[in-house]
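Here is a brief report on a structural model, written to be read alongside the coordinates. It moves from the overall picture to single elements.

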There are 2 protein chains.
Amino acid sequence: MPSYGGIDLGGTKIQAVIVNEENSVLGSARRPTPTSGGPEDVTKEIAAALRDAAKAAGLGVDGDLNLAGIGVGSPGVIESGNVSTARNLPGWEGTFALAAALESALEVDGISIEIGNDVQVATDAEFRLGAGRAYESLLGVFWGTGVGAGLILDGKSWSGLGGAGEIGHIVVEIDGARCTCGRRGCVEAYAGRGAMEIHARKLQEKGRHTDLFKLMKEHERTRLTSGIWERALDQEDKLATELIERAVGALGAGIASAMNLLDVEAVIIGGGLGVRLGDLYAKRIAKAMQPHLFADSRPPPVHVAALGDLGGAIGASLLLRPVA
Amino acid sequence: MPSYGGIDLGGTKIQAVIVNEENSVLGSARRPTPTSGGPEDVTKEIAAALRDAAKAAGLGVDGDLNLAGIGVGSPGVIESGNVSTARNLPGWEGTFALAAALESALEVDGISIEIGNDVQVATDAEFRLGAGRAYESLLGVFWGTGVGAGLILDGKSWSGLGGAGEIGHIVVEIDGARCTCGRRGCVEAYAGRGAMEIHARKLQEKGRHTDLFKLMKEHERTRLTSGIWERALDQEDKLATELIERAVGALGAGIASAMNLLDVEAVIIGGGLGVRLGDLYAKRIAKAMQPHLFADSRPPPVHVAALGDLGGAIGASLLLRPVA
């Protein structure tokens with residue numbers, strides 16, 4: 001049975017999986033995304049993560065990966081194997097031929113490499129294999145460093161002119177908080193883990209107490225990861241609780257706005273924070289949506305991504321096997 | 001050549017047209033929407049408007065309408081000829097069998113009567129015959145008593161589970177101004193002509209000067225129509241200018257949010273106020289969108305609805321002639 005590689009290229013980590021034709025995960029590996037350097041350095045780490053995963057799957061021990069194809073879910077604008085303006089990736093302001101660079105880094109001439117949008121492939125994975133299997137239309141919301149969405153309409157991905165799904169940049173407060181994108185009042189300005197970390201640091205500098213950064217150091221992190229936020233919530237850190245509640249409020253308004261416009265069947269919450277905080281917070285997001293939903297007598301079901309952390313990488317492997 | 005009837009059933013007026021197979025308007029008529037009574041009274045006025053239009057077209061003088069079919073664009077939830085919870089129509093909280101009632105009011109047994117969503121049929125008309133002909137995907141925004149949207153995605157209408165297009169209820173200010181829908185911070189709370197009239201009246205009662213209500217009386221209106229707003233703007237009424245600018249700001253944020261999510265090719269501005277205020281205000285809306293657009297290097301073209309005031313009624317007549 002042929003095996004496929006799938007890569008989820010995120011701002012914090014690179015997740016690799018090897019799956020078989022039936023989408024069983026044969027092996028997986030994770031590496032931190034380089035925080036300096038450029039696309040070449042990121043490509044090297046992608047190749048290394050994929051080799052780690054292949055090794056875990058019992059493949060490629062002799063150096064030959066022997067995969068039927070490799071898919072990569074990447075941030076940024078994707079066009080036939082090239083990736084442009086990938087925010088949250090180091091030195092990636094321009095256009096980089098990722099597919100070609102990966103082929104060369106892996107020394108796998110002629111293998112089929114497909115690049116897709118990270119959020120869209122994760123949504124496709126939930127639609128085809130996960131929490132969205134029962135629906136023909138859905139909104140996948142990925143809550144992590146940033147906030148992005150994937151859309152399934154009438155059984156197919158919708159990407160518009162290539163830039164659809166920016167639910168993190170739905171405006172919930174005109175002239176509101178500064179977003180990491182430079183604009184104001186976006187959902188991501190309140191709910192993105194990146195913006196939340198900046199906000200927490202500023203409030204701490206102003207004298208507010210929080211254990212967030214102490215926990216970060218104790219766990220040898222350089223950023224406030226989803227795990228750190230979860231720990232801080234668990235020990236009832238007041239500032240962390242406040243910021244997460246503010247994030248949930250912004251997500252509720254933004255997702256309800258998207259539902260008012262699109263009226264799809266269901267919402268799926270994924271991403272680092274979404275998966276980590278799980279069902280309890282999916283329920284809180286649903287509750288925060290309710291006062292803004294136009295069709296409030298039939299609120300959509302809100303599910304947590306069933307494929308969890310691996311959804312993006314599994315979804316990337318599906319790029320090689322599009323639905324007929 | 002067969003003729004078709006088209007009705008645009010609005011909160012303020014009922015617009016009827018008779019068109020031929022080539023969508024040339026043979027006759028048209030307009031009646032005010034009853035402000036009291038119930039669905040039966042509205043149905044009578046629809047029938048009367050249609051007879052007026054037929055007369056203007058030189059049809060139906062002997063009482064026989066002789067139409068190949070009639071289409072109605074209606075607010076509310078539409079299901080196989082029934083209309084439910086049509087806001088802005090008198091006494092229409094429940095479900096009413098409009099198609100059957102209209103057939104009986106017109107005494108036209110067996111004629112084909114189709115009911116569609118008012119905003120969606122107006123969008124379809126712009127897509128098939130008007131400002132949207134060049135595109136395969138677009139967002140039609142109808143700015144009038146309320147604010148609604150129609151969506152064309154991949155050459156087809158998108159209505160979700162039946163309630164899509166509520167762009168007027170995208171939240172642009174969490175806990176913001178009270179909307180006529182009862183919620184807070186919706187686009188329509190700032191931009192809907194209904195909400196704007198309530199707001200203008202309150203500010204006048206608080207001592208702010210405006211000629212809006214004087215103009216309304218002079219022109220023998222009972223509401224602040226689009227024409228009254230236009231006159232007030234023309235004579236540089238300060239309060240009217242302020243409220244319209246606030247509306248444009250909310251529309252800009254809401255439409256940009258929708259574009260960030262959907263990334264369609266173009267925006268078309270219709271509706272009573274949209275058509276009346278025309279190109280100058282379409283440009284202002286485009287300018288108000290710009291600071292919120294994620295893909296700000298390629299803002300979508302923003303057009304005024306080319307079919308103007310008759311677009312909704314012409315679009316309703318297209319319900320009888322779906323695209324193959």
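The report covers confidence, the fold of one chain, its domains, the contact between chains, and then two local sites.

**Confidence**

This is a predicted model. Chain A averages a pLDDT of 94. Of its residues, 98% score at least 70. For the complex, the predictor gives an ipTM of 0.93 and a pTM of 0.93.

**The chain**

Chain A contains 10 helices and 13 strands. Its radius of gyration is 19 Å, close to the 20 Å that the globule rule gives for 324 residues, so chain A is as compact as a globular protein of that length. Along the principal axes, the C-alpha atoms of chain A fill a box of roughly 55 × 45 × 35 Å. Of the 324 residues, 56% count as buried. Contacts reach across the sequence: among those between residues at least 6 apart, 63% join residues at least 24 apart.

**Domains**

The domain assignment splits chain A into domain 1 (3-121 + 311-318) and domain 2 (134-306). Their C-alpha centres lie 25 Å apart. Eight residues of domain 1 of chain A and 14 residues of domain 2 of chain A make up the contact. On the domain 1 side, the residues that touch domain 2 are two nonpolar, six polar and no charged.

**The two copies**

How are the chains related? A turn of 180° and a shift of 0.0 Å along the axis lay chain A on chain B, with an RMSD of 0.0 Å. The two copies are thus related as by a two-fold rotation axis. The same surface serves both copies, and 100% of the contact residues of chain A recur in chain B.

The contact takes 35 residues from chain A and 35 residues from chain B. On the chain A side, the elements that give two or more residues are strand 10 (147-153) and helix 8 (238-262). Helix 8 of chain A gives the most, with eight residues. The class make-up of the two contact sides described so far can be set out as follows.

| Contact side | Nonpolar | Polar | Charged |
|---|---|---|---|
| Domain 1 of chain A, touching domain 2 of chain A | two residues | six residues | no residues |
| Chain A, touching chain B | 20 residues | 10 residues | five residues |

**Val172(A)**

Val172(A) sits in the loop between strand 11 (156-157) and helix 4 (187-191) of chain A. Is Val172(A) buried or exposed? Its C-beta has 31 other C-beta atoms within 10 Å, and 20 or more count as buried, so Val172(A) is buried.

Which residues does Val172(A) touch, leaving aside neighbours within four places in sequence? In its own chain, the contacts are Gly185(A), Val187(A), Ala250(A), Ala253(A) and Gly254(A). From the other copy come Val171(B) and Ile174(B). Gly252(A) is 80 residues away from Val172(A) along the chain, yet their C-alpha atoms are separated by 9.8 Å.

**Helix 10**

Helix 10 of chain A spans residues 311-318 and is mostly covered. Eight of its eight residues are buried. They are Gly311(A), Gly312(A), Ala313(A), Ile314(A), Gly315(A), Ala316(A), Ser317(A) and Leu318(A). The assignment places 311-318 in domain 1, together with 3-121.

What do these buried residues pack against? Their partners include four strands' worth of early sequence listed by name: strand 1 (3-9), strand 2 (13-20), strand 4 (69-74) and strand 8 (113-117) of chain A. Helix 3 (118-129) and strand 12 (266-270) of chain A are also among the elements they pack against.

Definitions and conventions
Residues numbered from 1 in each chain as written. Chains lettered and ligands numbered in written order. Domains from an automatic or database assignment. Contact = placed C-beta atoms within 7 Å. Nonpolar A, V, L, I, M, F, W, Y, C, P; charged D, E, K, R; others polar. Rg over C-alpha atoms; globule rule 2.2 N^0.38 Å. Buried ≥ 20, exposed ≤ 12 C-beta atoms within 10 Å, placed from the backbone. pLDDT = per-residue confidence, 0-100. Least-squares fit on C-alpha atoms with pLDDT ≥ 70 in both.
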